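Student: Got a minute to walk through this one with me? I'd like to start with the ligand and then see where we end up.

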Amino acid sequence: MQDLNGKRVVVTGGSEGLGLAMVEALAASGAHVTALARDRVKLAAAERVGAAVVAGDATDAAVMNSIVGDEAPDVLILNAGARLPMKPIDEQSWEEFSTHWNTDVKAGLVGIQAALKVPMTSGGRILIMSSGASMVLSVPRIEPESLRLSGGYVGAKRMLWFMAHSANTVSRERGLKLHFQVLMPSQLMPDTTLGHLVAAGYAELEGVSAEEHVMQRYGSIMRPADFGQRVTELIADPRYASGVAYGFRANAAIMPLDA
Ligand SMILES: NC(=O)c1ccc[n+]([C@@H]2O[C@H](COP(=O)([O-])OP(=O)(O)OC[C@H]3O[C@@H](n4cnc5c(N)ncnc54)[C@H](OP(=O)(O)O)[C@@H]3O)[C@@H](O)[C@H]2O)c1
């Protein structure tokens, strides 16, 4: 296991939910963590566990270029993401449908470009937050019906997976020695605002609670703190240093999905 003491880590969307859970776990392991999010007030939660904070928009190239330049991270976690529309396809405006393209994919592109162009220090790792949902119609098979209220989310999260490969190619061609990897939480976590919103949307159709929906669909509940711990393990354990995509489920080891 690599010692994370003093490692420099930037987490976008680090003020709540999974981002905050990663900030907490990494700070507890001795890393020097900086959390970025738009709402300065909510960032106080990251400050309380000893993280430095920056209020800014992860889709803004100037913000991401300066955080990569100023913080010189060893690890950049591109986690910021939008909430889901939770409406059937015929009720979504284009703005609602494309929200994950304008936030998650744009922030992914801007973050990848900052890492490649500033550039990040040689040997750096960039972890991009995708989702198990990006494996719909793929293997392991997820039924599309179970994501029918999610708008453009599935495609946006799949896009981020592909973008990690494109970025690795550029890094190899330019000898930058940066490694782009994709995080795939493979079950809904109802303790985050986003996860609860999604679980509650499907639960309402089924006449159950959000937690009951998650238990019925996945057979377990994964807590954000557990996820934060797993990502810390992924960063510290050299066995996970070279793969491109990793899945995370409650009560299971980290799953290599794309070596
Ligand atoms: N929760 C789950 O079950 C689950 C499962 C699979 C994948 N994911 C993915 O994991 C990531 C985090 O999910 P979550 O459940 O923790 O979400 P969340 O509770 O909604 O938190 C989102 C975080 O992102 C920040 N954010 C949003 N837009 C931003 C922007 N443009 N610039 C900077 N920060 C921004 C928010 O802060 P501000 O609003 O203050 O900026 C907040 O800190 C997302 O990419 C999501 O798609 C989540």
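**Ligand, sheet and domains**

Tutor: Sure. By class, the shell around the ligand holds 12 nonpolar, 13 polar and seven charged residues. Keep in mind that this is a predicted model.

Student: OK, and which residues come nearest to the ligand?

Tutor: Of the 32 residues around the ligand, the nearest are Gly13, Gly17, Gly81, Thr192 and Gly195. The elements giving two or more residues to that shell are α1 (17-28), β2 (32-37), α5 (99-117) and α7 (193-206).

Student: Where does the ligand lie relative to the domains?

Tutor: Between them: domain 1 (8-187 + 227-245) and domain 2 (190-221) both give residues to the shell, so the ligand lies between the two.

Student: How far apart are the C-alpha centres of the domains?

Tutor: The C-alpha centres of domain 1 and domain 2 are 23 Å apart. As for contacts, eight residues of domain 1 meet eight residues of domain 2. On the domain 1 side, those are four nonpolar, two polar and two charged residues.

Student: Switching topic: what's the strand order in the sheet?

Tutor: The sheet is open, with eight strands in the order β3-β2-β1-β4-β5-β6-β7-β8 and mixed pairing. β3 (52-55) and β8 (255-258) stand at the edges with a single partner strand each, so one side of each has no neighbour in the sheet. From one strand to the next, the twist averages 20°.

Student: Let's zoom in on β4. How many bridges join it to β1 and to β5?

Tutor: Strand β1 (residues 8-12) is joined to β4 by three bridges, and the two run parallel. With strand β5 (residues 125-129), β4 has four bridges, again parallel. On the β1 side, Val10 has Leu76 as its bridge partner in β4, and Val11 has Ile77. On the β5 side, Leu78 stands opposite Ile128.

Student: And the β4 side chains, which way do they point, and are they buried or exposed?

Tutor: Val75 and Ile77 point one way from β4 (residues 75-78), while Leu76 and Leu78 point the other way; all are buried. That fits the usual pattern, in which side chains of a regular strand alternate between the two faces of the sheet.

Student: Which strands does α5 lie across?

Tutor: Helix α5 lies across β1, β4, β5 and β6 (179-185), and it runs at about 165° to β4. Helix α9 (residues 224-236) packs on the sheet as well, touching β4, β6 and β7 (245-248), and its direction makes about 150° with that of β7.

How values were computed. Residues numbered from 1 in each chain as written. Predicted model: local features only at pLDDT ≥ 70, side-chain atom pairs only at ≥ 80, totals over all residues. Near = placed C-beta within 6 Å. Nonpolar A, V, L, I, M, F, W, Y, C, P; charged D, E, K, R; others polar. Domains from an automatic or database assignment. Buried ≥ 20, exposed ≤ 12 C-beta atoms within 10 Å, placed from the backbone. Pairing = 2+ DSSP bridges. Contact = placed C-beta atoms within 7 Å. Axes fitted to C-alpha atoms, helices over the stretch in contact; angles between N-to-C directions.
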